[in-house]
Amino acid sequence: MSTATTPTGRPPLTDRFLGGVERLGNKLPEPFMLFLILFAITGIVSTAMAAAGVTVSVPGAEEATVIKGLFTAEGLTWLTSNLGENYIGFPPLKTVMPILLAIGVAQHSGMLAAIIRKTFGSSPRWMLPYVVGFVGVISSIMADSAFVVVPPLAALVFKAAGRHPVAGLLGGFAAAGAGYSTNIFPTSLDALFAGITTSVMEALPGLGATPVNPVSNWWFNIASSLVLGLVAGFVIDRVLEPRLVRTDVPRDETVEDGESGSGGTDAEQMRAALSPQENKGLLVAVLAAVVLTAVVLVATLVPASPWRNEEGGFLPSSPLLDSIVFLVFAYFVVVGLAYGIVVGTIRSSADGVRMMTDALKEMLPFIVLAFVLGQFIALFNWSGIGSWIAVTGAAGLEGIGLTGFPAIIGFILLASCLNLFIISGSGMWTIMAAVFVPMFALLGYEPAFTQAAFRVGDSATQVITPMNPYMVVLLGMLRKYEPAAGLGTMFARMLPFVVPFWVVWTAILAIFFFTGLPLGPGTGIMLGE
């Protein structure tokens, strides 16, 4: 087993490497303090550059941009006058919060979990690995809840079908983690990424880039979700489960003294099945979505629709695309309410408000973190450092001839490595977007394309980093079957997912890149397309 040591008593190379990652990652400050330090460093650097009279010529701008320093009279008055605006005006807050409220209704009414249970319960035995893979990948719609909902349900249906439950447990977690940044549906994560991408492009306002919204990567996300779901299923079916069988990993939960075994009871096996009322709730939710779709189509397809642009269309920009947040909000609220009313989880308006409140409570750490994120991004843009790094970096890449897809691969590799230490997707994207979105825009890439490339690097290594707090949760679940299992056991079993996900996802991005396929409605690869 992966927890075994070598004959010399030395831990395996994998365990030594991951142990080093854990020790190094533990030395990083928590995210709020990390960005506070970065804010201070940016302030010091900007002040030094301002004192040196550094300027930068941004392509398309009539005059050179003068670097401004934070620790100057102008900088300090800017900070004290704009502290609140830097926070409240942080674009992700304006897009994430409404969508989060709506997803809260859909999740806490029980609808999202019911969809997962329905999908699992109606799948034939041979298809289960691929269903677990697909559901795991798209379970990010439930945010971090996916890590505690999908794995045990997957183990349950695997056992009920006569397959190895640990394969479902670990496979469900791997698919949810390694594919976390993509989904076939627009999610709050799409809104979060889009808001950050939009905010950093203020450093280069004259490039004419396509505005980024929550569906700017939608076509890319759909393709990625479908293919990665198949990849996850293949690894579960052909690699993970056969290895569990060969190494005689127990199929039943360990029964401790004083406990009754529940691993094989009919009650537990059927826990994934939906009640008649829940099935009725899902049917009503689908009908509600169909009615809402009809209303949207009627409102937008009529020739005189106010949601069309001045040319009478919808692309590349229109009031309809500007209404994406509203549409996502409306769909999740409508289907969540329809399901909750039928099954009885929503009996009054107070229940819906409570569900929205619970969703906000779960997001409180980000709301606090957004305060310092907003200050950091605002300083980056106001000082001109973002423009200077973008212009200098782009010139450097052009100077060494690294401007095509190899530069994108290098960017993805960097994101994958940083993901081992910075588990917060919003935090890492804030850091990387501030530098790379404007830089790649100067090389001709749409900001939405750089964002799509980040998705690849942000997720693939998430299941092998000890910085992932849900690894401890998964370890507790795994020890019900293998009491002696450790983090090394899980990392060794997660590794077969990482490389295929990274390679296949990068290949999908390459297909979009070299064929020029749109990443989403009205969003291309290169500026001006």
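In the predicted model, Ile408 is in contact, beyond its neighbours within four places in sequence, with Phe440, Tyr445, Phe449, Ala453 and Leu509. Ile408 also belongs to the residues with the most contacts inside the largest nonpolar core, a group that further comprises Phe120, Phe220, Trp429, Phe440, Phe449 and Leu509. This core has 147 residues, and the element that gives the most to it is helix H22 (residues 487-515), with 13 residues. Another core, of seven residues, lies apart from it and includes Trp78, Leu79, Leu379 and Trp382.

The chain as a whole contains 22 helices and two strands. Of its 529 residues, 53% are buried. Among contacts with a separation of 6 or more, 79% are accounted for by residues 24 or more positions apart.

Ile408 lies within helix H18 (residues 405-418), an element of 14 residues. From the first C-alpha to the last, H18 reaches 20 Å, close to the 20 Å expected at 1.5 Å a residue. Its buried residues are Phe405, Ala407, Ile408, Phe411, Ile412, Ala415 and Ser416. In an α-helix, residues three or four places apart point the same way, because there are 3.6 residues a turn. Within H18, Ile408, Phe411, Ile412 and Ala415 are among the buried positions. The cover over the buried residues of H18 includes helix H19 (425-442), helix H20 (447-460) and H22.

Helix H17 (residues 385-399) was examined in the same terms. Its 15 residues should span 21 Å at 1.5 Å a residue, and the end C-alpha atoms are 21 Å apart, in agreement with that value. The buried residues of H17 are Ile385, Gly386, Ser387, Ala390, Val391, Gly393, Ala394 and Leu397. Elements covering these buried residues include helix H2 (31-51), strand E1 (55-56), helix H16 (364-383) and H19. Just after H17, Gly401 adopts a positive phi of about 75°.

Two helix pairs illustrate the packing. Helix H7 (residues 146-160) and helix H8 (residues 165-178) pack at an angle of about 150°, and their axes are 7 Å apart. Since angles over 145 degrees count as roughly antiparallel, H7 and H8 are therefore assigned to that class. The crossing of H7 past H8 is right-handed. On the H7 side, the contact is made by Ala146, Phe147, Val150, Pro151, Pro152, Ala154, Ala155, Phe158 and Lys159. On the H8 side, the contributing residues are Pro165, Ala167, Gly168, Leu169, Gly172, Phe173, Ala176 and Gly177.

Helices H9 and H16 pack at an angle of about 25°, with axes 10 Å apart. This pair is therefore roughly parallel, and its crossing is right-handed. The meeting residues are Leu192, Ser199 and Val200 in H9 and Phe366, Ile377 and Asn381 in H16.

A polar position in a loop was also considered. Asn217 is found between helix H9 (188-200) and helix H10 (218-246). Its relative accessibility is 1%, and Asn217 therefore counts as buried, the cut-off being under 20%. Leaving aside neighbours within four places in sequence, Asn217 is in contact with Ala448, Gln451, Ala452, Arg455 and Leu519.

Methods
Residues are numbered from 1 along each chain as its sequence is written. This is a predicted model: local features need pLDDT of at least 70, side-chain atom pairs count only at pLDDT 80 or more; totals for chains, interfaces and linings use all residues. Side-chain values use heavy atoms; hydrogens and water are left out. A nonpolar core is a set of buried Ala, Val, Leu, Ile, Met, Phe, Trp, Tyr and Cys residues joined through side-chain atoms within 4.5 Å. Buried means under 20% relative accessible area, exposed over 50%, partly exposed in between (1.4 Å probe, protein chains only). Helices (H or I, at least four residues) and strands (E, at least two) are DSSP runs, numbered from the N terminus. Contact means heavy atoms within 4.5 Å. The expected span of a helix is 1.5 Å times one less than its number of residues. Axes are lines fitted to C-alpha atoms, for helices over the stretch in contact, and angles run from 0 to 180 degrees between N-to-C directions. Angles under 35 degrees count as roughly parallel, over 145 as roughly antiparallel, 65 to 115 as roughly perpendicular and the rest as oblique. A crossing is left-handed if the near helix is turned anticlockwise from the far one by less than a right angle, and right-handed if clockwise.
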